[in-house]
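Open the model in your viewer and keep the selection tool at hand. The tour goes from one residue out to the whole chain.

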Amino acid sequence: MFRRRESVPFAFVAEADRFRSNVAPPPRERAGAGRIVGRTLVGLTVVAGLAGSLLFGLPALQPSQSPGHSQQSQADGR
């Protein structure tokens, strides 16, 4: 199979480690009190939802207390 050979300058890779930009990114905006309270409320709502679903879902996952009791359909032969 024929491979095409091209000259690729790798000097830019070596220079990339030493390059430093003199342009600084803009400073990050500080989150206001309303935004912090909103994030806290959303977090608490998610945690409360997970805890509630676990609380209400665990009884359904427990095995039945009376192993001799089984459900049978009672169909009338009419």
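Select Val37. This residue is partly exposed, because its relative accessible area is 48%, between the limits for buried (under 20%) and exposed (over 50%; 1.4 Å probe, protein chains only). The model is predicted: local features need pLDDT of at least 70, side-chain atom pairs 80 or more, while totals for chains, interfaces and linings use all residues. Numbering starts from 1 along each chain, and side-chain values use heavy atoms, without hydrogens and water.

Add Leu41 and Leu44. With Val37 they make a nonpolar surface patch of about 290 Å². Patch members have over 30% relative accessible area and no salt bridge (Lys or Arg side-chain nitrogen within 4 Å of an Asp or Glu carboxyl oxygen); nonpolar side chains are joined within 5 Å, like charges within 9 Å.

Now select residues 33–61. This is helix H2, home of Val37; helices are DSSP runs (H or I, at least four residues). Its count of buried residues is zero.

Finally, select the whole chain: of 78 residues, 0% count as buried.

Key:
Accessible areas come from the Shrake-Rupley method with a 1.4 Å probe; for residues, only the protein chains shown count as cover. Helices (H or I, at least four residues) and strands (E, at least two) are DSSP runs, numbered from the N terminus.
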